[in-house]
Amino acid sequence: MEHTRIKQLLLSEETGKEVIVKGWVRTFRNNQFIAINDGSTLHNIQAVVDFEHTDEAVLKRITTGAAIRVKGELVASLGKGQRVEIKVAEITILGDSDPEKYPLQPKKHSLEFLREIAHLRFRTGTFNAIFKVRNALAFAVNKFFNDRDFVYMHTPIITGSDAEGAGEMFRVTTLDLNNLPRTESGDIDFKEDFFGKSTNLTVSGQLEGELAAMAFGNIYTFGPTFRAENSNTTRHLAEFWMIEPEMAFYDLEDNMDLAEELLKYVINYALKTCPDEIEFLRNRLLDEEKSKPQAERSELDLVEKLHFVIENRFERVSYTDAIEILKRSKPNQKKQFKYLIEAWGADLQSEHERFLVEKHFKKPVILTDYPREIKSFYMKQNEPDAQGRQTVRAMDILFPGIGEMVGGSQREENLEKLLTRMAEVGIPEEEMDWFLDTRRFGSAPHAGFGVGFERLVLFVTGMTNIRDVIPFPRTPKSAAF
Ligand code: 4AD
Ligand code: MG
């Protein structure tokens, strides 16, 4: 390879040597100064052209977005904010970019605009920073589990089960939609389909993960999951990535400890390995804050916020206690939030979660022991409380500005209890035979959780719309490419 990456060059002390750089033009000023970026770093390297001795036709082709090769001497720079630059001896245009047509101009574009041209937004500083942080977090997740002897299990994308029992699945079919085979009772006959049964894209790798945990002890999955929930919010995607560890012989306490440790570890890893990117995102946010009234500005900047989470123990509180806190709370003056919750048993709305995390505890909160009726069938049932109310050993981790980051539980290991619950919620036993074998043969206490990876990336980058932290967002009515 003849060229050096810009990240390396900017660290280089060896001025005076000849270097070759290949990258894309960010700006070209005064027919002289090219800012070149090759994606290896947020920073550009400046290349100085001797325009008097450069062909005019070539100078015209040095436009924003063009791919170029530059050969020259690495020299100390007199410019501000850069130690070195390249004194160009030879310049080649590798790929032109028509400035009249290229949508990215050398100026600040709004995130809304960049979402419209999501296929080009990787080329901006903001998205370079976001996806570098995403990359670091993904690596940290794998490192965290690998260092602790967890086995990375690849659970299937196409499955026959609905792990969450919420019916929010995308069907997978090869059937001719205009000519569907029907059973005698008029239902679609999936026996005619590719797999001979009805299948869907996975909503969670948990159930398959449980099978593996019952053999390896500790495993995790980290892959794409799909939900056909029609919620067009800044926190929901139809395709998102989930980190799902599953551990034999863990109870709910162990589960919470592991989740808290994982989150702190990966956030710390991003801070350590992406200081430039996080600093860039921090400044971006500070700029944005300036346009807000003083009262609405956040007390902590991005870096302070990340350190705060790493350094403080998450608050652990039961659903029942949280309801009491919510009942005692007052809706705020501006009626922005109605904190009051109707009754024990209701699911928390995002305004309730925000109140608990942002106003009451002012830190991440782990809510435990939810009412059985609002949680999934596989969660371990607690003994009914003094008032006969039935809860399960669930835990949700709520984060400031994000809401639910993690959902998990200790699992019901008792076969009879699990079968009864499945019957109550209408899950056919025969379809889950494979899963039930974990409870039939050597059943053991176990627990696990799922982290929404994009929500984690949202938190660490300080971004506010989930569409901006996944390279190719899929949301209702939009999956452009
Ligand atoms: O709470 P959920 O539905 O839990 C499960 O799927 C369990 N099977 C996990 C387990 O115990 N192994 O989803 C887990 C997390 C949520 O807390 C949230 O962060 C994220 O996944 N999530 C979504 N993220 C983006 N878009 C969506 N539509 C999401 N739905 C859930
Ligand atoms: Mg959940």
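Begin by selecting the loop between β1 (18-29) and β2 (33-37), which is where Asn 31 is placed; keep in mind throughout the tour that this is a predicted model. With the backbone of Asn 31 displayed, look at its phi, which is positive at about 55° even though the residue is not a glycine. Most residues other than glycine have a negative phi. If you then show the surroundings of Asn 31, the residue counts as partly exposed, because 14 C-beta neighbours lie inside 10 Å, and a residue is called exposed at 12 or fewer and buried at 20 or more.

Next, move along the chain to the loop between α4 (125-147) and β6, and select Asp 149 there. Asp 149, which is likewise not a glycine, has a positive phi of about 60°. Is Asp 149 buried or exposed? Asp 149 counts as exposed, because it has 9 C-beta neighbours inside 10 Å.

From that loop, step on to strand β6 itself, residues 151-152, and display it together with strand β10, residues 218-226: the two strands pair in the parallel sense, over two bridges. To find one point of contact in this pairing, select Tyr 152, whose bridge partner in β10 is Tyr 220.

Finally, keep β10 on screen and add strand β11, residues 239-248, which runs antiparallel to β10 and is joined to it by nine bridges. A useful pair to select here is Gly 223 and Met 242, the latter being the bridge partner of Gly 223 in β11. With β6, β10 and β11 all shown, you can follow β10 from its parallel pairing with β6 to its antiparallel pairing with β11.

Technical notes. Residues are numbered from 1 along each chain as its sequence is written. Chains are lettered from A and ligands numbered from 1 in the order in which they are written. This is a predicted model: local features need pLDDT of at least 70, side-chain atom pairs count only at pLDDT 80 or more; totals for chains, interfaces and linings use all residues. Two strands pair if DSSP finds at least two bridges between them. Helices (H or I, at least four residues) and strands (E, at least two) are DSSP runs, numbered from the N terminus.
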